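Pull the structure up in your viewer and keep the sequence handy. We'll walk through it piece by piece, beginning at one end of the chain.

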Amino acid sequence: MKILKWIIIVLASILIIWLVAAALVSGEFKYEKSISINAPAEKVWQNTNTLKAMDQWSPWNDIDLKMRKDWSGTTGQPGEKMCWESKNDNAGKGCQEVKKVDTAGKRIDTSIQFLAPYQSSADTYVTVIPEAGGSKATWGFVSQIPYPFTLMKLFMNMDGAIGKDYQKGLSRLKEISEKP
């Protein structure tokens with residue numbers, strides 16, 4: 001009986017420490033990757049300013065070449081939406097919608113909802129800025145990790161999890177944009 005009491009005390013202490021530590025870690029999570037492109041910002045922007053344009057360089061299209069996609073809304077305007085569904089769990093099911101297009105600042109903001117194989121959401125963006133000899137494209141997202149799982153943020157390696165996909169997509173964007 002005494003051992004059981006100590007086990008309960010230890011487990012309760014671990015739980016309390018976890019909950020307190022999780023409360024001290026912000027739930028906001030941000031990830032982004034950039035690439036320099038030897039093309040004018042306007043040309044790169046044409047390859048990033050709509051969901052249909054972004055679909056041309058999306059690394060996730062390779063997961064399922066037969067993935068079903070449904071498009072709605074006005075291309076390149078808030079409300080443009082693409083929903084996908086795949087039998088491959090690595091592609092899953094979800095929707096991405098344009099929230100804001102800043103043509104002058106060359107930034108597109110979207111929201112993405114993953115519905116299967118798990119549910120989550122994120123706000124995504126692509127920016128294009130001029131730089132010496134061309135432009136720089138940045139692709140990223142911001143998401144919220146719910147309490148008490150915020151502590152997991154300290155152990156996440158997003159570069160290892162999705163860094164290759166982001167690099168592959170940005171490399172494709174570079175290739176498309178640098179074509180004469």
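How far apart do the end C-alpha atoms of residues 6-25 lie, and how much of the span is helix or strand? The two end C-alpha atoms sit 29 Å apart, and the span is 90% helix and 0% strand. Keep in mind that you're looking at a predicted model. The stretch is worth a look because of its annotation: an unreviewed UniProt entry lists residues 6-25 as "transmembrane region". Helix α1 itself covers residues 2-23, and Ile 14 is part of that helix. Color the nonpolar side chains there and you'll find a surface patch of about 500 Å², built from Ile 3, Ile 7, Val 10, Leu 11 and Ile 14.

Now for the inside of the protein. The largest nonpolar core has 30 residues, and the members touching the most other members are Tyr 31, Ile 37, Val 44, Phe 141 and Leu 173. Quite a list of elements gives two or more residues to this core: the helices α2 (41-46), α3 (51-55) and α4 (158-178), plus the strands β1 (28-37), β3 (81-85), β5 (107-116), β6 (120-131) and β7 (134-144). The largest share, 5 residues, comes from α4.

For a closer view of that core, center on Leu 173. Setting aside residues up to four places away in sequence, Leu 173 touches Ile 37, Val 44, Asn 47, Thr 48, Trp 57 and Ala 137. Two of those partners, Ile 37 and Val 44, are themselves among the core residues that touch the most other members.

Next, the charged side chains. A search of the whole structure turns up 9 salt bridges, and a good one to start with is Asp 62 with Lys 168, where the closest N and O atoms are 2.7 Å apart. Asp 62 lies in the loop between α3 and β2 while Lys 168 belongs to helix α4, so this pair ties together parts that are 106 residues apart in sequence. Asp 62 also meets Arg 172 in a salt bridge, at 2.3 Å from N to O. Arg 172 is in helix α4 too, so here the parts being tied together are 110 residues apart in sequence.

How exposed are these three? Asp 62 has a relative accessibility of 36%, so it counts as partly exposed. Lys 168 is partly exposed as well, at 37%, and so is Arg 172, at 24%.

Over on the strands there's another pair to display: the side chains of Glu 85 and Arg 68 form a salt bridge of 3.1 Å, N to O. This one links strand β3, which holds Glu 85, to strand β2, which holds Arg 68, across 17 residues of chain. Both ends are partly exposed, with Glu 85 at 32% and Arg 68 at 45%. Going back to the earlier trio, shared partners join Asp 62, Lys 168 and Arg 172 into one network.

While you're at β2, have a look at Asp 70, which lies in this strand (residues 68-72). Which residues does Asp 70 contact, leaving aside its neighbours within four places in sequence? They are Lys 81, Met 82 and Cys 83, and strand β3 spans residues 81-85. Asp 70 is partly exposed, with a relative accessible area of 37%. For a sense of scale, try a distance from there to Leu 151: the two C-alpha atoms are separated by 37 Å, with these positions 81 residues apart along the chain.

Terms used. Residues are numbered from 1 along each chain as its sequence is written. This is a predicted model: local features need pLDDT of at least 70, side-chain atom pairs count only at pLDDT 80 or more; totals for chains, interfaces and linings use all residues. Side-chain values use heavy atoms; hydrogens and water are left out. Patches are made of residues with over 30% relative accessible area and no salt bridge: like charges are joined within 9 Å, nonpolar side chains (Val, Leu, Ile, Met, Phe, Trp, Tyr) within 5 Å. Accessible areas come from the Shrake-Rupley method with a 1.4 Å probe; for residues, only the protein chains shown count as cover. A salt bridge is a side-chain nitrogen of Lys or Arg within 4 Å of a carboxyl oxygen of Asp or Glu. Helices (H or I, at least four residues) and strands (E, at least two) are DSSP runs, numbered from the N terminus. A nonpolar core is a set of buried Ala, Val, Leu, Ile, Met, Phe, Trp, Tyr and Cys residues joined through side-chain atoms within 4.5 Å. Buried means under 20% relative accessible area, exposed over 50%, partly exposed in between (1.4 Å probe, protein chains only). Contact means heavy atoms within 4.5 Å.
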